[in-house]
Amino acid sequence: MLRALCHGLLLSSLLFCASALQIGFPRCNCDGDSLWSTESILQCQKVSDFLIAAAYFSIPLELIYFATCSNLFPFKWIVFLFGAFIVLCGLTHLLNVFTYEPHSFLLMLSLTISKFFTALVSFATAITLLTLIPQLLRVKVRENFLRIKARELDREVGEMKRQEEASWHVRMLTQEIRRSLDRHTILYTTLVELSKTLGLQNCAVWMPNESTGEMNLTHELRQRSSSDLSSHSIAIDDPDVMEITETKGVKMLRPESMLASASSGGMHEPGAVAAIRMPMLKVSNFKGGTPQIVEASYAILVLVLPRDDSRVWSYQELEIIEVVADQVAVALSHAAVLEESQLMREKLVEQNRALLNAKQNAMMASEARNSFQRAMSQGMRRPIHSILGLLSIMQQEKLSQEQRLVVNTIAKTSSVVSTLISDVMDTSTINSEHLSLVMRPFHLHSMIKEAANVVRCLCDCRGFGFGFRVDNAVPDRVVGDERRIFHVILHIIATLFNGHNEGFVTFGVLNYDEVKDGQDQGWVPWKSSFSERYTCVKFEIGIKRSQNDEPGSSTVQLAPKSYSKGFEMGLNFSMCKKLVQMMQGNIWAVPNSQGIAQSITLVIQFQPQPLTPVSDVGESSGLYHTSSVPNFKGLRVLLVDNDDDNRAVTRKLLEKLGCSVSSVTSGIQCLSSFATASMPFQLVMVDLHMPKMDGFEVAMRIRKFRSRCWPAVVALTASAEDDVWDRCLQCGMNGLIRKPVTLHTMAEELHRVLQNT
């Protein structure tokens, strides 16, 4: 607009000059006696020209001073050009002062020359301004550009200051959040610090509940009762919730949003509402050893501005929210890991406590088992072994027929009791139902008569009658486990006695009739294993009311009684049935009308034994013998056993065989006896299980003696383990006798050892 005004004034002055030249003013009449006379006008012009000249001469001095003092002005030459123009203009006005008086030609020539140079300089200045104005405009544009850049720089500096302030707030929030590893403390600290930093009306946290498919309001800045918090829930498939969980940044919520209204803290008109997701820790299942990644879940942080505040969410505040949300997610992940590790630690402590209790219980059970074994060994097995040893000596004496029958019966029952005790102790040791069979030849008829004698004695004691018959077709010489069969027969009698108070006991032994007994249902499971090389014997034992009554004919399987597990395992009916099945047989019962076993049938397969001398069969059985035994007269024996009763019985057996016996109670005394003995010992009989120094160590030390003739070493043991003989051979022993020790078993082993050495 200023440029247009200048152009208008210039055009008006040109038109005015042109009109003045065309019209022409008449020569004024300056003569008169008024104030503005010619003389007065000339004086005024003279003074004006002088002042103009003075002003013109002072302006160049100021321009020169500005040009010399300023280093920023890029056009110093134009200053000098303007100075020359102004000086010449002042010089023209100064010369014009002297033209109002009479003047010379030289003054007019000087004035003319001055005006000519003034005209030239004025024209040059005008031409120069035409080229200088664009450059001056460019300087103005550059100034504006620099001014804009300065404003942008100020804005960037302000942004940096705001970012620094925001980072300071974030650091402060992070420090406050990380001061605790408790999830609730972290969330409440976040709400409080965000409210202080951003000036919020309310701030709320929504947690997912996968089981119900809802988002629950768990933490809020404006405290409400727990019932109010629990009543606020939003479905996970809500559009706003789904959009927030799928968006990484901050999401602005509409005022009518359910999530915004529920997070307003009870205010009806909340301000601007922003929400952001917070990823929760991915839960891992460490039970199987390999982590199992489950689907990610997100919590939602909702922030509400005050209604009366006209401000909206700024970019800086949104950045603070995003950074704080990430920090809270990390802190919550750490808290979740800590909670998981604490839970795992508590579980490990509980498991360790349970393991310690189990270990203590196992140690107590082991101690109880050891105590039981010691009690069984000292209270039952050792006395039975001593009885069997003494009975074997009595069998070699001259006895009447009745006395021999009693001694043989006692020896048979004692052998069965010894076997049962060994079964109980082996079962308690290995904690399993371990049973074994010893198959060897024996006289079946003799075993049946001995069993019948025992049953007769029991019937007499209880007031029962007794009947006994044996079929002539039953074989006599067979191969089987005589002790186990005797045990099963005694158990059948005990089972029948438990269900009756009186009656008549029948004991019959028959040969198996395939035509007659093939239809028996109790025989069906076993019949498929029958072989023509074996013979089958059936034992029928029952109780009748009187001698003339007949037992029932219906046959059903007898259900085993409910016995407790452990030490009674070898005495119950199920174990007897297992023994019978191991011998390729079966056992079943016939009940009466009250469901009580009235008769029990036992069927067993036997392998017939070829005809051999009676002495051979008797020696193979090993239970009792009446034949003569070899004599080891003069054999010097050192007996080592810490048990007084067993040592006395074993000494008696050795002396019965004709040996010269010296006995000691420990391994240390045994080794000392070699140094003090007047005559060297030919045989050492040592018990393997002794305190301080057992039989294995005694044998190894004897073999280390520097002697050309070592004594033979025979071990005594009540253990039924299979690797005992291998350990004996490794220690340099020559023989092994398993308890109970009888006269014939000792004689046979000594005979074998002495022949081999």
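Visitor: Let's start with an arginine. What relative accessibility does Arg 254 have?

Guide: Arg 254 has 42% relative accessibility, so it counts as partly exposed. Keep in mind that this model is predicted.

Visitor: Got it. Which side chain does Arg 254 meet in a salt bridge?

Guide: The partner is Asp 240, with an N to O distance of 3.6 Å. Arg 254 sits in the loop between strand E4 (251-253) and helix H8 (258-262), while Asp 240 belongs to helix H7 (residues 239-246), so the salt bridge ties together parts that are 14 residues apart in sequence.

Visitor: And Asp 240, buried or exposed?

Guide: Asp 240 is buried, as its relative accessible area is 6%. The partly exposed side of this pair is Arg 254.

Visitor: Which residues are linked with those two in a network?

Guide: Glu 256 joins Asp 240 and Arg 254 in a network of salt bridges.

Visitor: How many salt bridges are there by this rule?

Guide: The count comes to 13. In general, side chains of opposite charge can pair when their charged atoms come close.

Visitor: Show me one inside a helix. What does Glu 152 pair with?

Guide: Glu 152 forms a salt bridge with Lys 149, and their closest N and O atoms are 3.7 Å apart. Both are in helix H4, three residues apart, which means that about one helical turn separates them.

Visitor: How accessible are they? I'd like the number for Glu 152 and for Lys 149.

Guide: Glu 152 has 27% relative accessibility and Lys 149 has 41%. Glu 152 therefore counts as partly exposed, and Lys 149 gets that label too.

Visitor: Staying with H4, where is Leu 120?

Guide: Leu 120 is in helix H4, which covers residues 105-178. Its relative accessibility is 44%, so Leu 120 counts as partly exposed. Leu 120 also helps to make a nonpolar surface patch of about 750 Å², together with Phe 105, Leu 106, Leu 109, Ile 113, Phe 116 and Phe 117.

Visitor: Nice, I'll look at that patch. New topic: how many cavities of 30 Å³ or more are there?

Guide: Two, by this rule. The largest has a volume of about 90 Å³.

Visitor: Which residues line the largest one?

Guide: The lining is made by His 385, Ser 386, Asp 641, Asn 646, Val 649, Thr 650, Leu 653, Lys 739, Pro 740 and Val 741. Helix H9 (315-394) and helix H17 (644-656) are the elements that give two or more residues to it. H17 gives the most, with four residues.

Visitor: What's the split by class?

Guide: Four lining residues are nonpolar, four are polar and two are charged.

Visitor: Asp 641 and Lys 739 are both in that lining. How far apart are their closest N and O atoms?

Guide: They are 3.9 Å apart, and the two residues form a salt bridge. Lys 739 lies in the loop between E18 and H21 and Asp 641 in the loop between strand E14 (636-640) and H17, so this pair ties together parts that are 98 residues apart in sequence.

Visitor: Why does Asp 641 count as buried?

Guide: Asp 641 counts as buried because its relative accessibility is 1%, and under 20% is the cut-off for that label. Lys 739 is buried as well, with a relative accessible area of 16%.

Visitor: Now backbone geometry. What's the peptide bond from Lys 739 to Pro 740 like?

Guide: That bond is cis, with omega near 5°. Pro 740 is in the loop between strand E18 (735-738) and helix H21 (743-756). For context, most peptide bonds are trans.

Visitor: And which phi value does Gln 584 have?

Guide: Phi of Gln 584 is near 60°, a positive value in a residue other than glycine. Gln 584 lies in the loop between helix H15 (573-582) and strand E12 (586-591), and it is partly exposed at 37% relative accessible area.

Visitor: How about Lys 692, what's its phi?

Guide: Lys 692 has a positive phi too, about 70°, although it is not a glycine. Lys 692 is in the loop between strand E16 (683-687) and helix H19 (695-703). With a relative accessible area of 85%, Lys 692 is exposed.

Visitor: Last one: where is Phe 466?

Guide: Phe 466 is in strand E8 (residues 465-470) and counts as buried, at 13% relative accessibility. Its C-alpha is 9.2 Å from that of Ala 452, a residue 14 positions away in sequence.

How values were computed. Residues are numbered from 1 along each chain as its sequence is written. This is a predicted model: local features need pLDDT of at least 70, side-chain atom pairs count only at pLDDT 80 or more; totals for chains, interfaces and linings use all residues. Side-chain values use heavy atoms; hydrogens and water are left out. Patches are made of residues with over 30% relative accessible area and no salt bridge: like charges are joined within 9 Å, nonpolar side chains (Val, Leu, Ile, Met, Phe, Trp, Tyr) within 5 Å. Accessible areas come from the Shrake-Rupley method with a 1.4 Å probe; for residues, only the protein chains shown count as cover. A salt bridge is a side-chain nitrogen of Lys or Arg within 4 Å of a carboxyl oxygen of Asp or Glu. Buried means under 20% relative accessible area, exposed over 50%, partly exposed in between (1.4 Å probe, protein chains only). On a 1 Å grid over the protein atoms alone, a cavity is a set of points where a 1.4 Å probe fits but cannot get out, and a pocket is an open set with protein on both sides within 12 Å along at least five of seven lines; lining residues have an atom within 4 Å of a point. Grid points are joined across faces, edges and corners, and a volume is the space filled by probe spheres set on the points. Ala, Val, Leu, Ile, Met, Phe, Trp, Tyr, Cys and Pro count as nonpolar, Asp, Glu, Lys and Arg as charged, and the others, Gly among them, as polar.
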